[in-house]
Amino acid sequence: MNLFLNGEATEAPDGATVGEFLRQLAMPEKGVAVERNREIVPKSLYGTTRLTEGDQIEIVQFVGGG
Amino acid sequence: MPDQAPTTATDDALIIAGKAYSSRLIVGTGKYASYAQNAEAAEAAGAEIVTVALRRVNVADKGSERLVDHLDPKLFTYLPNTAGCYTADEAVRTLRLAREAGGWNLVKLEVLADQKTLYPDMSETLIAAKALIQDGFDVMVYCSDDPVYARKLEDAGCCAIMPLGSLIGSGLGVQNPVNIRLIVEQCKVPVIVDAGVGTASDAAIAMELGVDGVLMNTAIAAAKDPVRMARAMKHAVIAGREAYLAGRMAKKRYADPSSPLGGLI
């Protein structure tokens, strides 16, 4: 399926969960936060939250800042 | 950390949202040549709290260094900010994500008005502060040096009031000491001068006004030797605090000899 990750078009297997998507990206779960269509996906729901066509996914982490 | 010696000459702790800190210097983590230099400067500053920003993960370049690899969140209190947010909604969204990413409630709220001055938009800031406090956050708030808005933010439940000394990244020092002092006198929560410090004397001047701490980023990161400047800032904040607590002498218009007048030959 097609979706958007951090504003860029990308693909994920049909029916993939957020957790599977993160693993596909080789993304550590620690220290990141995931937002799906402007709603935060809590870490406890990564395994059960399924992505759907056209989802807007944001993955963020801490960087240096003042 | 009750078994550790205090890192400042004074034993008076800075208490923010119920937690005690021995350092009154909070440092940013932006604009450094590297995260390694950043970590060295934070240690030289004796800082216990570091501000951090939240940004999109670079999916294409996962090999890049991560802040958490250099500044251990177990050793430093991470203070997520909302730098780059121009509306209350953006700021609240950012800090909810930060809480999810890190699990901390203590945050630095800043809602900016325009890119040229990065001056805080106080009406949006107040809206965001109320929403965040309602949502269980401990909000340290970047604000103008307007004592009236400072009081509104304190009344809304902010755990620290952080007026600018001068514009973010300007290095112009405390431009309105009278207002900073007014805020100090009225405020029951810690007051921290956030933004504007350029060099060590600026930090000392802020502390001599009776503020509870100073937050800075560019003054250290943009110095020719950031680690050395971090050390200078540590001493300046301690010196300013000590001078404030000591109570300065009265100013006089004419000389007053230090040596006895009697017994002159």
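Accessible areas here come from the Shrake-Rupley method with a 1.4 Å probe, and for residues only the protein chains shown count as cover. On that basis, chain B exposes about 12,800 Å², with carbon and sulfur atoms supplying 53% of it. The model is a predicted one, so to speak of local features takes a pLDDT of at least 70, side-chain atom pairs count only at pLDDT 80 or more, and totals for chains, interfaces and linings use all residues. Residues are numbered from 1 along each chain as its sequence is written, chains are lettered from A and ligands numbered from 1 in the order in which they are written, and side-chain values use heavy atoms, with hydrogens and water left out.

Now for the overall build. Chain B holds nine helices and 10 strands; these are DSSP runs numbered from the N terminus, with at least four residues for a helix (H or I) and at least two for a strand (E). The radius of gyration of chain B is 19 Å, which agrees with the value near 18 Å for a compact globule of 265 residues. That value follows a rule of 2.2 Å times the number of residues to the power 0.38, and the radius is taken over C-alpha atoms. Along the principal axes, the C-alpha atoms of chain B fill a box of roughly 85 × 40 × 40 Å. Of the 265 residues, 48% count as buried, meaning under 20% relative accessible area, while exposed means over 50% and partly exposed lies in between (1.4 Å probe, protein chains only). Take the contacts (heavy atoms within 4.5 Å) in chain B between residues at least 6 apart in sequence: 65% of them join residues at least 24 apart.

Strand S6 (residues 106-109) of chain B is a good place to zoom in. In a regular strand the side chains alternate between the two faces of the sheet. Here B:Leu106 and B:Lys108 point one way, B:Val107 and B:Leu109 point the other way, and all are buried. S6(B) runs parallel to strand S7 (residues 138-143) of chain B, and four bridges join them; two strands pair if DSSP finds at least two bridges between them. One bridge partner is B:Asp138 in S7(B), matched with B:Leu106. To get from S6(B) to S7(B), the chain passes through helix H4 (residues 122-134) of chain B, in a right-handed β-α-β crossover. Right-handed means that, with the strands pointing away from the viewer, the path from the first strand over the helix to the second runs clockwise. On the loop between S6 and H4 of chain B sits B:Lys116, which counts as exposed at 80% relative accessibility.

Then there are the charged pairs. A salt bridge is a side-chain nitrogen of Lys or Arg within 4 Å of a carboxyl oxygen of Asp or Glu, and the count comes to 11 over all chains. In one of them, B:Lys108 meets B:Asp194 at 2.9 Å, N to O. This pair ties strand S6 to strand S9 (residues 192-194) of chain B, 86 residues apart, and both B:Lys108 and B:Asp194 are buried. B:Asp135 and B:Arg99 form another salt bridge, with the closest N and O atoms 3.1 Å apart. B:Asp135 lies in the loop between H4 and S7 of chain B and B:Arg99 in helix H3 (residues 88-102), 36 residues apart. B:Asp135 is partly exposed at 27%, and B:Arg99 is partly exposed at 23%. Finally, B:Asp12, B:Arg24 and B:Arg241 are linked in a network of salt bridges.
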